[in-house]
Amino acid sequence: MSLPAPFDRLRLPLIGSPLFIVSGPELVIAQCKAGIIGSFPALNARPQTLLDEWLHQITEELAKHNRENPDKPAAPFAVNQIVHKSNDRVMADMATCEKWQVPMVITSLGAREEIFDAVRNWGGITMHDVINDRFAHKAIEKGADGLIPVAAGAGGHAGALSPFAMMQEIREWFDGLVALSGSIAHGASILSAQAMGADFGYAGSAFIATEEANADQGYKQGIVDGSADGIVYTNLFTGVHGNYLRSSIEKAGLDPDDLPTSDPSKMNFGSGGNSKAKAWKDIWGSGQGVGAVKSVGSVEDMVARFEREYHTAKAQLEAKTEYKAWVS
């Protein structure tokens, strides 16, 4: 679908997904200046009052960039809200987001009408992440503007379904905004997401290996050294199934091939679930697409790589289409 302003001024149809602990103002600002939507979890700002400072910083720096670069304005930003009952500060965070008129709110782990209504009332857009078509229907019925199908291979909390299956089912009934998540770490993957019917790709793990990311250097190098077969899918650490770097699980003294199952009713983000190792701090989330990440560099360098790969893939596809038309 055609993107509404200000989301129609992107360099690439890409959202940098919110990364627990890793995403802060520096990463978000760099992503937006590079021409893609940057985002961060509200819970990363601790204590809660820090969220106001972060949104002030992001808003002011992007406004300054736009004044100085009228031909290349920054992309808008987004804030992720975990609306699960375990998050007791969600309404305070929403009030702060309203104060700063956050352009996009990404909701996770629960669809709530009052959240969607609040964002709509201040003129923002809501995107809700889902792991199957049933949850997608519920989110739209409750008022979400768009969907983020979190397919197999996505970093951190992720679903287990094929992106092909999810996009096919969702596009049978929904024609609104969709950002596809799952192994998006290459420009060709962004184009593939569009080919399946998505408006955006949704990439997170690749941005961990950037200079602006608030991540341990070992974590960044783990992304660079990672590959698809080095990712482990488990619910041990938070109670929700997710993908993690095998190397970080081994470093914590655990056997990645023999992990127990956690009790989902004891969901507790960042606590480590039934394990003494803490999710995100000791156990590092990662998607299966990290084999495309070869080095640690700036956000601008990574977006430039995505852009080159995206246009190369697009040109190759157009050339194949022209050749097939010619031979036929």
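What follows is a short walk through this predicted model, from its confidence values to its strands, helices and a few unusual backbone spots.

Let us begin with how far the model can be trusted. The protein chain has a mean pLDDT of 92, and 93% of its residues reach 70 or more. One stretch to treat with care is residues 269-274, where the pLDDT is below 50. In the model this stretch still has 26 contacts beyond near neighbours in sequence. Where pLDDT is low, the predicted coordinates should not be read in detail.

With that in mind, turn to strand 2, which covers residues 38-41. Four bridges join strand 2 to strand 3 (residues 77-82), and the two run parallel. If you would like one pair to look for, Phe 40 has Val 79 of strand 3 as its bridge partner. In a regular strand the side chains alternate between the two faces of the sheet. Which residues lie on each side of strand 2? Gly 38 and Phe 40 are on one side, while Ser 39 and Pro 41 are on the other. These four residues are all buried, and both faces of strand 2 are thus covered.

Follow the chain onward from strand 2 and you come to the loop that leads to helix 2 (50-68), where Pro 47 is found. Here a cis peptide bond joins Arg 46 and Pro 47, with omega at about 5°. Most residues other than glycine have a negative phi, and most peptide bonds are trans.

The backbone has some positive phi values to show you as well. Ile 21, in the loop between strand 1 (14-16) and helix 1 (25-33), has a phi near 70°, a positive value in a residue other than glycine. Its relative accessible area is 36%, so Ile 21 counts as partly exposed. Ser 183 is also not a glycine, yet has a positive phi of about 65°. You will find Ser 183 in the loop between strand 8 (177-181) and helix 7 (187-195). Because its relative accessible area is 27%, Ser 183 is partly exposed.

Next comes a pair of helices. Helix 3 (residues 90-99) and helix 4 (residues 113-121) pack at an angle of about 10°, and their axes are 11 Å apart. The two helices are therefore roughly parallel to each other. On the helix 3 side, Val 90, Met 91 and Met 94 make the contact, and they meet Ile 115, Ala 118 and Val 119 of helix 4. What kinds of residue make up the contact of helix 3 with helix 4? Six are nonpolar, with no polar and no charged residues.

There is also an open sheet of three strands to visit, with the order 7-11-10 and antiparallel pairing. Strand 7 (156-157) and strand 10 (231-234) stand at the edges; each has a single partner strand, so one side of each is left without a neighbour in the sheet. Strand 10 is joined to strand 11 (residues 242-245) by four bridges, and these strands run antiparallel. Within this pairing, Val 232 stands opposite Tyr 244 of strand 11.

Our last stop is helix 11 (residues 299-327), which holds Arg 305. Is Arg 305 buried or exposed? Its relative accessibility is 16%, so Arg 305 counts as buried. Leaving aside neighbours within four places in sequence, Arg 305 is in contact with Ala 185, His 186, Ala 292 and Val 293.

Technical notes:
Residues numbered from 1 in each chain as written. Predicted model: local features only at pLDDT ≥ 70, side-chain atom pairs only at ≥ 80, totals over all residues. Heavy atoms only, no water. Axes fitted to C-alpha atoms, helices over the stretch in contact; angles between N-to-C directions. Parallel < 35°, antiparallel > 145°, perpendicular 65-115°, else oblique. Contact = heavy atoms within 4.5 Å. Nonpolar A, V, L, I, M, F, W, Y, C, P; charged D, E, K, R; others polar. pLDDT = per-residue confidence, 0-100. Buried < 20%, exposed > 50% of the residue type's maximum accessible area, 1.4 Å probe, protein only. Pairing = 2+ DSSP bridges.
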